[in-house]
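Visitor: Hi! I have a new structure open on my screen and would like a hand finding my way around. Can we go through it together?

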Amino acid sequence: MIEIAPKVVAFVCRWVAPENTTELGGAKLVPVLCSGRVSPGFLLQAFEWGASGVLVAGCGPEKCRYLFGARQQEGQFGVTREVCRILGIGEERVKLAWVAGPEQLAEVVSEFTAAVRALPPLPIMARPPEASAPPSIEDVREDGHAYACIDCGKCTGFCPVSRHTKSYSPHRIVERSFFSDVPEKELADAVWGCLTCGLCERRCPAGVKYATLQQGLRARARAAGDTGRCTHSGSLLTMMRLHANGDIPQNRLDWIPADAKVAKEGDTVLYVGCAPYFDKFFGHMGVKTTDATRGALRLLNAMGIEPVVMADEICCGHDLLWSGDRENFERLAKKNVEMLKARGVKRMIFPCAECHRT
């Protein structure tokens with residue numbers, strides 16, 4: 001991994017930031033309309049691009065010009081702090097501060113920057129290697145069996161997106177992929193709308209692999225600079241890229257019940273995936289993904305199996321693959337394969353269907 005000099009990024013509410021200032025106390029300032037606008041994804045992306053510490057500063061709940069912005073940030077920051085703890089980045093590398101103005105902000109930034117510089121470097125590749133060339137449109141058509149399309153429209157008739165978005169049509173996207181004069185941007189706008197549910201493939205009488213076609217078109221769109229509409233401000237995809245390009249010791253085993261039995265080595269592994277992270281990202285919605293993981297572990301124990309649960313396990317990369325980010329997906333896959341081979345694993349148990357498929 002590439003070691004980088006400590007860098008601090010500060011997302012600062014414009015009401016407390018000094019005017020026309022981009023650097024303060026050794027940190028790069030990023031002015032925002034309100035601290036409540038700074039989602040966990042923004043902070044994680046800062047780490048992805050080389051930050052060693054990230055600060056969020058604003059007016060505070062009592063003085064917020066947008067009524068609930070600061071309180072919203074308090075909730076969001078709790079998620080950020082927990083995700084950074086599990087990732088292994090560390091809670092001490094993120095900070096939320098309420099300040100009265102530029103002078104107090106300068107003090108807070110200087111103190112935080114000094115604290116971050118005293119920490120060891122983060123083992124994260126700040127800038128991943130240049131992406132390989134995207135697949136050619138000819139290869140995309142071939143892999144997706146696009147030439148087999150008979151333009152019957154059955155895919156569109158069963159597509160849930162088409163039912164609610166009149167302009168969206170799977171078979172028209174297949175058709176457009178054959179015309180060189182169709183702008184890449186126009187295709188990208190269409191492919192990001194797909195839910196990849198697979199209904200079109202099940203109904204296609206010609207065997208067109210529409211989902212495979214979508215993956216190729218998305219990879220081409222990414223290469224052209226269009227990454228689509230990022231859900232959850234890109235938090236989950238950024239987390240996966242951090243796994244792919246870093247070697248940070250995670251803290252991901254808190255979910256294991258005290259009375260459960262797990263092994264450090266063995267031929268059976270319980271692949272947990274992103275369940276511990278989902279609990280943090282979506283806890284406000286009552287999501288407890290690790291309930292299924294605990295259930296799987298208890299079932300295995302009841303059958304006399306003590307599975308290996310890996311503390312250094314990383315994401316399977318499902319969402320990266322389906323969003324066309326093949327490079328980072330392959331880095332994740334390689335790291336997972338090496339990890340499993342090193343343990344001599346012969347059998348994997350997946351509580352998650354996406355992990356199993358990937």
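Visitor: Let's start with Y66. Is it buried, exposed or something in between?
Guide: This is a predicted model, and in it Y66 counts as partly exposed because its relative accessibility is 34%. That value falls between the 20% limit for buried and the 50% limit for exposed.

Visitor: Where does Y66 sit in the chain?
Guide: Y66 is in the loop between β4 (53–58) and α2 (69–87).

Visitor: And which residues make a nonpolar patch with Y66?
Guide: W15 and L33 join Y66 there, and the nonpolar surface patch they make covers about 260 Å².

Visitor: You mentioned β4. How many of its residues are buried?
Guide: 6 of the 6 residues of β4 are buried, so this strand is largely enclosed by the rest of the structure. Its two faces are both covered: G53, L55 and A57 are buried on one side, and V54, V56 and G58 are buried on the other.

Visitor: What does β4 pair with?
Guide: β4 runs parallel to β1, with 5 bridges joining them. There, V12 stands opposite A57 of β4. β4 also runs parallel to β5, again through 5 bridges, and here V54 is opposite V94 in β5.

Visitor: Remind me, what holds strands together in a sheet?
Guide: In general, the strands of a sheet pair through backbone hydrogen bonds, and the pairing can be parallel or antiparallel.

Visitor: So what's the strand order in this sheet?
Guide: The order is β2-β3-β1-β4-β5, in an open sheet of 5 strands with mixed pairing. The edges are β2 (23–24) and β5 (94–98), each of which pairs on one side only.

Visitor: Which pairing in there is antiparallel?
Guide: β2 with β3 (residues 27–32): they pair in the antiparallel sense over 2 bridges. E23 has K28 as its bridge partner in β3, and L24 has A27. These two strands form a hairpin with 2 residues between them, and G25 in the turn has a positive phi of about 60°.

Visitor: And what's on the other side of β3?
Guide: That is β1 (residues 8–13), which pairs with β3 in the parallel sense over 6 bridges. K28 turns up here too, as the β3 bridge partner of V9.

Visitor: Nice. Switching to charges: how many salt bridges are there?
Guide: The count comes to 13 salt bridges. One of them joins the side chains of E48 and R241, at 2.6 Å from N to O. It links distant parts of the chain: E48 is in helix α1 (residues 40–48) and R241 in helix α11 (residues 235–245), 193 residues apart.

Visitor: Are E48 and R241 buried or exposed?
Guide: Both E48 and R241 are buried.

Visitor: Got one from a more open spot?
Guide: Try E62 and R71, whose side chains meet in a salt bridge at 3.3 Å, N to O. E62 counts as exposed because its relative accessible area is 70%, while R71, at 45%, is partly exposed.

Visitor: What about R252, who does it bridge to?
Guide: R252 forms a salt bridge with E313, at 3.2 Å from N to O. R252 lies in the loop between α11 and β6 (268–270), and E313 in the loop between α13 (290–302) and α14 (318–322), so to speak of their spacing, they are 61 residues apart. R252 counts as buried because its relative accessibility is 3%, and E313 is buried with a relative accessible area of 0%. Elsewhere, salt bridges that share partners join E82, R85, D254 and K280 into one network.

Visitor: Which residues form a negative patch on the surface?
Guide: E138, D139, E142 and D143 form a negative surface patch. E138 belongs to helix α4 (residues 137–143) and is partly exposed, with a relative accessible area of 45%.

Visitor: Last one, the big picture. How many helices and strands are there?
Guide: The protein has 16 helices and 7 strands. Of its 358 residues, 48% are buried. The C-alpha atoms fill a box of roughly 70 × 60 × 40 Å, taken along the principal axes.

How values were computed: Residues numbered from 1 in each chain as written. Predicted model: local features only at pLDDT ≥ 70, side-chain atom pairs only at ≥ 80, totals over all residues. Heavy atoms only, no water. Patch = residues over 30% accessible without salt bridge, like charges linked within 9 Å, V, L, I, M, F, W, Y side chains within 5 Å. Areas by Shrake-Rupley, 256 points an atom, 1.4 Å probe, with all protein chains shown as cover. Salt bridge = Lys/Arg side-chain N within 4 Å of Asp/Glu carboxyl O. Lys, Arg positive; Asp, Glu negative; His and termini not counted. Charge placed at Lys NZ, Arg CZ, Asp CG, Glu CD. Helix = DSSP H or I, 4+ residues; strand = E, 2+ residues; numbered from the N terminus. Buried < 20%, exposed > 50% of the residue type's maximum accessible area, 1.4 Å probe, protein only. Pairing = 2+ DSSP bridges.
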